[in-house]
Amino acid sequence: MTKAMKAAKKILCIQLRQLGDVLMTTAAVRTLSENYPHANIDFLTEAPGDQIYEHNPHISRVIKIKRKNSIAEWLKLAVELRRSKYDLVIDFIGMPKTAILGWLS
């Protein structure tokens, strides 16, 4: 683990699709929370995946997006993520659009 990773205070996790796929990330999120106890962990997902983390004690904020977004909505989200200044981004899905969002954040 690099020094920068150890110092992470703001973490973004991304898993947009499929309720089961979002559910499979819960162990990883719990481990992140245990290894970064002072970090704020945000989770970016679509409905209905947001319900899994809505009251999860390991997540600081759930960022819910629609499955079909306009270009303007994607740009607004990218600006919001950029302003959040995440130290670490974990992209569980690895799609081109999530990779771009992670890179922009």
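Is Arg 17 buried, exposed or partly exposed? With a relative accessible area of 23%, Arg 17 comes out as partly exposed. Keep in mind that this is a predicted model, and let Arg 17 be our way into the structure.

What does Arg 17 pair with? The partner is Glu 46, and the two form a salt bridge whose closest N and O atoms are 3.6 Å apart. Arg 17 sits in the loop between β1 and α2 (19-24), while Glu 46 belongs to strand β2, so this pair ties together parts that are 29 residues apart in sequence. The two ends sit in rather unlike surroundings: Glu 46 has 1% relative accessibility and therefore counts as buried, whereas Arg 17 is partly exposed. As a bit of background, side chains of opposite charge can pair when their charged atoms come close.

Glu 46 brings us to β2, so let's stay with that strand, which spans residues 40-46. Six of its seven residues are buried, which means β2 is largely enclosed by the rest of the structure. On one hand, β2 runs parallel to β1, and five bridges join them. If you want a spot to look at, find Ile 14, which stands opposite Leu 44 in β2. On the other hand, β2 also runs parallel to β3 (residues 61-65), again with five bridges. Here the place to look is Asp 42, which stands opposite Arg 61 in β3.

Asp 42 and Arg 61 do more than face each other across the strands. Their side chains meet in a salt bridge, at 3.5 Å from N to O. Arg 61 is in strand β3 and Asp 42 in strand β2, 19 residues apart, and the pair links these distant parts of the chain. Once more we have a buried acid with a partly exposed base: Asp 42 is at 4% relative accessibility and so counts as buried, while Arg 61 has a relative accessible area of 32% and is partly exposed. The story doesn't end with two residues, either, since Asp 42, Arg 61 and Glu 80 are linked in a network of salt bridges.

How many salt bridges are there in this model? The count comes to five. Another of them is between Lys 66 and Glu 73, whose side chains meet at 2.7 Å, N to O. In this pair Lys 66 is partly exposed at 46% relative accessibility, and Glu 73 is partly exposed too, at 30%.

Back to the strands, this time by way of β1 (10-14). Four of the five residues of β1 are buried, so this strand is largely enclosed by the rest of the structure. Besides its pairing with β2, β1 runs parallel to β4, and four bridges join the two. Ile 14 turns up again here, standing opposite Asp 91 in β4. In a regular strand the side chains alternate between the two faces of the sheet.

Now step off the strands to Thr 25, in the loop between α2 and α3 (26-35). Is this loop residue buried or exposed? Thr 25 is buried, with a relative accessible area of 3%. Leaving out residues up to four places away in sequence, Thr 25 touches Gln 15, Phe 43, Tyr 53 and Phe 92.

Last stop: helix α6, residues 96-104. Which residues of α6 are buried? They are Thr 98, Leu 101 and Gly 102. Looking down the axis of α6, you'd see these buried residues fall within an arc of 100°, so they line one face of the helix. That fits the usual helix geometry: an α-helix has 3.6 residues a turn, so residues three or four places apart point the same way. The cover over the buried residues of α6 includes β1, β2, α5 (71-84) and β4 (88-91), so you can tie this helix back to the strands we have just walked through.

Turn to the other side of α6 and you find Pro 96 and Trp 103 exposed. Trp 103 also belongs to a nonpolar surface patch with Ile 100 and Leu 104, and together the three have about 360 Å² of accessible area. Leu 104, which lies in α6, is partly exposed at 30% relative accessibility.

Note on methods: Residues are numbered from 1 along each chain as its sequence is written. This is a predicted model: local features need pLDDT of at least 70, side-chain atom pairs count only at pLDDT 80 or more; totals for chains, interfaces and linings use all residues. Side-chain values use heavy atoms; hydrogens and water are left out. Patches are made of residues with over 30% relative accessible area and no salt bridge: like charges are joined within 9 Å, nonpolar side chains (Val, Leu, Ile, Met, Phe, Trp, Tyr) within 5 Å. Accessible areas come from the Shrake-Rupley method with a 1.4 Å probe; for residues, only the protein chains shown count as cover. A salt bridge is a side-chain nitrogen of Lys or Arg within 4 Å of a carboxyl oxygen of Asp or Glu. Buried means under 20% relative accessible area, exposed over 50%, partly exposed in between (1.4 Å probe, protein chains only). The arc is that of the directions from the helix axis to the C-beta atoms. Contact means heavy atoms within 4.5 Å. Two strands pair if DSSP finds at least two bridges between them.
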